[in-house]
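Thank you all for coming. Please take a moment to look at the sequence and the structure, and then I will talk about the ligand and, after that, about the cysteines.

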Amino acid sequence: MGKATGFMEYSREKVGERNPLTRLNDWKEYTVPFSDEKLSIQGARCMDCATPFCHIGMEIQGATSGCPIHNLIPEWNDLVFRGRWKEALDRLLKTNNFPEFTGRVCPAPCEGSCTLAITDPAVTIKNIEQAIIDKGFENGWITPRIPTSRTGKKVAIIGSGPAGLAAADQLNQAGHSVTVFERADRPGGLLMYGIPNMKLEKEVVERRIRLLTQEGIDFITNTEVGKDITAAELQEQFDAVILCTGAQKQRDLVMEGREAKGIHFAMDYLTLSTKSLLDSNFEDGQFINVEGKDVIVIGGGDTGADCVATALRQKCRSVVQFGKHPQLPAERPSDNLWPAYPNVYTMDYAYKEAEAKFGEDPRQYSIQTKKIVADENGNVKELHTIQMEKLKDEEGRYYFKEIPGTEKVWPAQYVFIAIGFEGTEQPLLSQFGVKAVNQKVAAVYGEFKTNVEGVFAAGDARRGQSLIVWAINEGREVAKEVSKYLMV
Ligand SMILES: Cc1cc2nc3c(=O)[nH]c(=O)nc-3n(C[C@H](O)[C@H](O)[C@H](O)COP(=O)(O)OP(=O)(O)OC[C@H]3O[C@@H](n4cnc5c(N)ncnc54)[C@H](O)[C@@H]3O)c2cc1C
Ligand code: SF4
């Protein structure tokens, strides 16, 4: 339970961050780990509230509250407070296959529903999680767990993001033979190409892939199922197939001037940047370079923030991020009370960096792009915008209304579209004959089976763009169902 009076004695602290101006000169992780002493104090703040909402893992008001993989948070907080790190690691690994990913990049819905957060700042759960697993690797406690017997059953997993990796890990440990097919040249899904290096260093992802390989999982990269190998071939060669193909079909802007040169999807920008960094430390020039340019990111979410941070590292001349919604309040509003995920204003790493570099937060709120204008060579030159008001109609539904007289012109030589994702790619589903609803694979949570015998689905491909922690949850759960299917 931590220290009985810890929550009254100690204040919340989060891990430190490197100086924003210094970290802009490299692509390393922006955080600085806690000392053991500080971690023990933070663990001591857990008050053993008896009904720990931190691990409920439910959707409340359309957002996640509590940990979706039901991490045994109070137990490991207590063990960290007492310095019993190895036991804390054992507890953590009972529920989470990859704490080194969630401990770094999970938005920590557990902290929003921490009971202490009703009156005080929440326990620093996510940072403690990262420290436990990092210590596990540093001390050599994490070693390959090679299954001692095999069932003779073969499973193909399509997609190596966190859902595919978690399913592969669970099924391999259950003794099945697992092959993961990945279209990209490196496994990891959005952990590898999507989330930038400064949030999650790619060596952390590669280390886990090495471990899974040593444990017996086969990774086949540069192979697109549906093209390089057909659905029918896969069904013939394997006893079960799991679709973990993500939901990376990007939503496009439909607008005058969209065809101008210099307008790219955020994912293309982020993927090329990471690939070039890993392949050649940018020496191959195979990335979109915004050095000395004015950059506009359209879309107010986290993907957009990652574009801002990437543009800053490339030494852009200016960067702004357009969001449709108004700025969030500093405190929870009355319709967003605990234990719902707190919809409050925060400064993400990218925004702190932009503020340090240019003196202001790059976010522009309640703004709508009206048209894009190109120069005589077809290169994007400027964006025309208008401010919007968010209003409620008589039935309580929100809508946006333009505010006349607020038109503005913004210079830009590069524009990145980060307005979300439509769903999973359909051609592969058609080849399998798998049904989709709203561009997501039709498979009920808990069962995960599609309309095609022996074909299952999990992660973003099934639920739409979500979080790593949900992808791990679905990977673990689909593995149970596939194992049952194989062993009847
Ligand atoms: C830029 C960005 C930043 C994000 N940041 C965070 C964050 O900080 N924290 C967080 O919790 N979540 C974050 N997310 C969301 C999170 O990354 C996803 O919810 C999660 O990765 C989904 O996991 P998945 O395994 O279902 O799919 P993905 O990670 O999308 O992996 C799917 C994989 O399938 C492969 N694939 C697709 N079709 C085929 C085929 N036919 N053959 C072979 N391979 C195929 C793809 O190449 C891909 O590697 C972010 C998302 C984006 C886009
Ligand atoms: S995985 Fe995410 S929600 Fe779960 S304990 Fe870790 S930070 Fe919290």
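How far is an oxygen atom of ligand 1 from an N or O atom in the side chain of Gln 248? In this model, which I should say at once is a predicted one, the distance between those two atoms is 2.9 Å. Glu 182 also reaches the ligand, with a polar atom of its side chain 2.6 Å from an oxygen atom of ligand 1, whereas Ser 466 takes part through its backbone, where a polar atom lies 3.2 Å from a ligand oxygen. Taken on its own, ligand 1 has 1,000 Å² of accessible area, and the protein covers 95% of that.

Let me turn to the shell around the ligand. There are 36 residues around ligand 1, and among those that come nearest are Val 105, Ala 163 and Asp 460. By type, the shell divides into 17 nonpolar, 13 polar and six charged residues. Several helices supply at least two residues each, including helix H9 (162-173) and helix H17 (468-487). Because domain 2 (154-249 + 422-486) and domain 3 (252-419) both give residues to this shell, the ligand lies between them.

Finally, the cysteines. A disulfide is a covalent bond between the sulfur atoms of two cysteines. This structure holds zero disulfides, and for Cys 316 the nearest cysteine sulfur, which belongs to Cys 307, is 11 Å away. Cys 316 is buried, because its relative accessible area is 4%, under the 20% cut-off, and Cys 67, at 7%, is buried as well.

Definitions and conventions: Residues are numbered from 1 along each chain as its sequence is written. Chains are lettered from A and ligands numbered from 1 in the order in which they are written. This is a predicted model: local features need pLDDT of at least 70, side-chain atom pairs count only at pLDDT 80 or more; totals for chains, interfaces and linings use all residues. Side-chain values use heavy atoms; hydrogens and water are left out. A residue is near a molecule or strand if one of its heavy atoms lies within 4 Å of it. A polar contact is a pair of N or O atoms within 3.5 Å; within protein, one must be able to donate a hydrogen and the other to accept it, and residues adjacent in sequence count only if both atoms are side-chain atoms. Accessible areas come from the Shrake-Rupley method with a 1.4 Å probe; for residues, only the protein chains shown count as cover. Helices (H or I, at least four residues) and strands (E, at least two) are DSSP runs, numbered from the N terminus. Ala, Val, Leu, Ile, Met, Phe, Trp, Tyr, Cys and Pro count as nonpolar, Asp, Glu, Lys and Arg as charged, and the others, Gly among them, as polar. Domain bounds come from an automatic or database domain assignment. A disulfide is a pair of cysteine sulfur atoms within 2.5 Å. Buried means under 20% relative accessible area, exposed over 50%, partly exposed in between (1.4 Å probe, protein chains only).
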